[in-house]
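Subject: Structure handover

Hi,

Here is the structure I said I'd pass on to you. Have a look at it first, and my notes on what turned up are underneath.

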Amino acid sequence: MAVRLSSQEKAEIVAAAQHAKMYPSGYMAAAGLAAARGATTVDNNAQLDAAIDELAALRAQIARVGNNVNQIAYIYNAGGQHRPGELAYALTALGRVLARIDDAADALVKKRT
């Protein structure tokens with residue numbers, strides 16, 4: 001979405017966002033949702049947003065681990081030494097961890113609304 005504001009309107013939103021300890025874009029989203037839902041106050045979900053951001057970063061880190069697992073598979077396929085079931089176990093464990101992180105992130109997002 002794009003929003004056009006006068007310089008005075010923008011200044012008011014920036015000031016209100018600073019007072020709420022939010023970024024202006026987050027403040028505008030929260031204010032818009034509050035108005036759409038008939039609320040009279042804007043909730044600051046800073047802690048929840050930080051937790052969601054942290055989970056997203058963690059998921060990215062684990063995806064990098066998955067990339068490393070793929071590199072291990074490449075070495076194994078090229079004739080490197082491997083133990084039976086080792087790669088399957090690692091992939092299963094990684095899949096479980098990713099699913100748990102996704103579930104936690106989804107729960108946090110649902111609490112936001």
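There is 1 salt bridge in the structure, and keep in mind that this is a predicted model. The partners are Arg 59 and Asp 102, whose side chains meet at 2.8 Å, N to O. The pair ties together distant parts of the chain, with Arg 59 sitting in helix 3 and Asp 102 in helix 4, 43 residues apart. Buried or exposed, or something in between? Arg 59 has a relative accessible area of 34%, so it counts as partly exposed. Asp 102 is partly exposed as well, because its relative accessibility is 28%.

On to confidence, before you read too much into any one spot. The average pLDDT over the chain is 83, and 95% of the residues reach at least 70. Which elements sit at the two ends of the scale? Helix 1 has the highest mean pLDDT, 93, while helix 3 has the lowest, 79. As a general caution, predicted coordinates should not be read in detail where pLDDT is low.

Now the packing. The largest nonpolar core has 9 residues: Leu 48, Ile 52, Leu 55, Ile 62, Leu 94, Leu 98, Ile 101, Ala 105 and Leu 108. Helix 3 (46-77) and helix 4 (86-112) are the elements that give two or more residues to this core. Helix 4 contributes the most, with 5 residues. A second core, separate from that one, has 5 residues, among them Ile 13, Ala 17, Met 22 and Tyr 27. In general, nonpolar side chains tend to be buried together in soluble globular proteins.

Tyr 27 from that second core also turns up among the buried residues of helix 2, which are Tyr 27, Ala 30 and Ala 34. These three span an arc of only 70 degrees around the axis, so they lie on the same side of helix 2. Helix 1 (7-19) is included in what covers them. What is exposed on the other side of helix 2? There you will find Ser 25, Ala 35 and Ala 36.

I also checked helix lengths. Helix 2 (residues 24-36) has 13 residues, which at 1.5 Å a residue should span 18 Å; its end C-alpha atoms are 18 Å apart, so the expected and modelled values agree. The 13 residues of helix 1 should likewise span 18 Å, and the end C-alpha atoms of helix 1 are indeed 18 Å apart.

Two backbone spots may interest you. Just after helix 1, Lys 21 takes a positive phi of about 60 degrees, and this is a residue other than glycine. Lys 21 is in the loop between helix 1 and helix 2, and it counts as exposed because its relative accessible area is 71%. The other spot is Gly 38, which follows helix 2 and has a positive phi near 80 degrees.

One last item, on Ala 51. This residue is in helix 3, and its relative accessibility of 29% means that it counts as partly exposed. How many residues separate Ala 51 from Val 14 in sequence, and what is their distance in space? They are 37 residues apart along the chain and 24 Å apart from C-alpha to C-alpha.

Cheers

Technical notes
Residues numbered from 1 in each chain as written. Heavy atoms only, no water. Helix = DSSP H or I, 4+ residues; strand = E, 2+ residues; numbered from the N terminus. Expected span 1.5 Å × (residues − 1). Buried < 20%, exposed > 50% of the residue type's maximum accessible area, 1.4 Å probe, protein only. Arc of directions from axis to C-beta. Contact = heavy atoms within 4.5 Å. Core = buried A, V, L, I, M, F, W, Y, C linked by side-chain atoms within 4.5 Å. pLDDT = per-residue confidence, 0-100. Salt bridge = Lys/Arg side-chain N within 4 Å of Asp/Glu carboxyl O.
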